[in-house]
Amino acid sequence: MKHTIFFLSIFLLSITSAFTQSVPVPPNYTVIDSIFGDLDRDGINELVASYTTHQTKDFNDNYIRELIIYKKQNKQWTVWKQSSQALTASKDGGMMSDPYAGIEIKNGILIISEDGGSSW
């Protein structure tokens with residue numbers, strides 16, 4: 001039984017690694033989150049990634065965030081859309097700290113969730 005579980009685990013890991021797609025990471029960026037979904041309704045998933053850059057907005061280590069949407073071209077992820085204004089900086093949530101709450105795609109629409117402020 002132990003051997004069966006071991007081989008099943010190895011098999012599942014190999015299948016998972018074969019189908020995982022790595023998220024491109026630009027120099028001096030750190031991935032916060034990433035999702036796949038069809039944003040232009042062409043039947044092919046795009047990759048949406050949110051990043052923290054290593055650039056600060058002010059003297060309080062308030063790091064600028066960036067959102068990049070990739071399309072697959074010739075088996076490579078290439079930048080399709082890019083925004084440094086779609087996400088707030090890492091400490092723009094006020095006393096609530098990091099405002100980033102996640103990204104998702106529903107019915108071809110990108111939804112960005114953020115929290116912040118104590119009196120908003």
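**Close-up 1. Arginine 65 and its surroundings in strand β3 of the predicted model.** Arginine 65 belongs to strand β3, which runs over residues 63–73. With a relative accessibility of 5%, arginine 65 counts as buried, because the cut-off for burial is under 20%. Its side chain takes part in two of the contacts shown here: a polar contact of 2.8 Å to the side chain of threonine 52, and a polar contact of 3.0 Å to the side chain of aspartate 98. Leaving aside residues up to four places away in sequence, the residues that arginine 65 touches also include Ile32, Tyr51, Leu87 and Tyr100, together with Ser83, Ser84, Thr88, Ala89 and Ser90.

**Close-up 2. The largest nonpolar core and the surroundings of valine 48.** Eight residues make up this core, namely Ile35, Leu39, Val48, Leu67, Ile69, Leu87, Tyr100 and Ile103. Strands β3 and β5 each supply at least two residues of the core. Valine 48, itself a core member, touches Ile35, Leu39, Leu67, Ile69 and Ile103, among others, when residues up to four places away in sequence are not counted. The contacts of valine 48 also include Asp33, Ser34 and Ile68, as well as Ile105 and Leu110. A second core, separate from the largest one, has six residues, among them Ala49, Ile68, Tyr70 and Trp77.

**Close-up 3. The hairpin of strands β5 and β6.** Strand β5, spanning residues 100–106, pairs with strand β6, spanning residues 109–114, in the antiparallel sense, and six bridges connect the two. One of the pairings places isoleucine 105 opposite leucine 110, its bridge partner in β6; both of these residues are also touched by valine 48. Two residues lie between the strands of the hairpin, where asparagine 107 takes a positive phi near 50°.

**Close-up 4. Glutamine 82 in strand β4 and its contact with glutamate 66.** Glutamine 82 is placed in strand β4, which comprises residues 76–83. The side chain of glutamine 82 makes a polar contact of 2.4 Å with the side chain of glutamate 66. Apart from residues up to four places away in sequence, glutamine 82 touches Glu66, Leu67 and Ile68; of these, Leu67 belongs to the largest nonpolar core, whereas Ile68 is included in the second, separate core. Alanine 49, which is likewise included in the second core, lies 33 residues from glutamine 82 along the chain, and the C-alpha atoms of these two residues are separated by 9.8 Å.

Definitions and conventions. Residues are numbered from 1 along each chain as its sequence is written. This is a predicted model: local features need pLDDT of at least 70, side-chain atom pairs count only at pLDDT 80 or more; totals for chains, interfaces and linings use all residues. Side-chain values use heavy atoms; hydrogens and water are left out. Two strands pair if DSSP finds at least two bridges between them. Helices (H or I, at least four residues) and strands (E, at least two) are DSSP runs, numbered from the N terminus. Buried means under 20% relative accessible area, exposed over 50%, partly exposed in between (1.4 Å probe, protein chains only). A polar contact is a pair of N or O atoms within 3.5 Å; within protein, one must be able to donate a hydrogen and the other to accept it, and residues adjacent in sequence count only if both atoms are side-chain atoms. Contact means heavy atoms within 4.5 Å. A nonpolar core is a set of buried Ala, Val, Leu, Ile, Met, Phe, Trp, Tyr and Cys residues joined through side-chain atoms within 4.5 Å.
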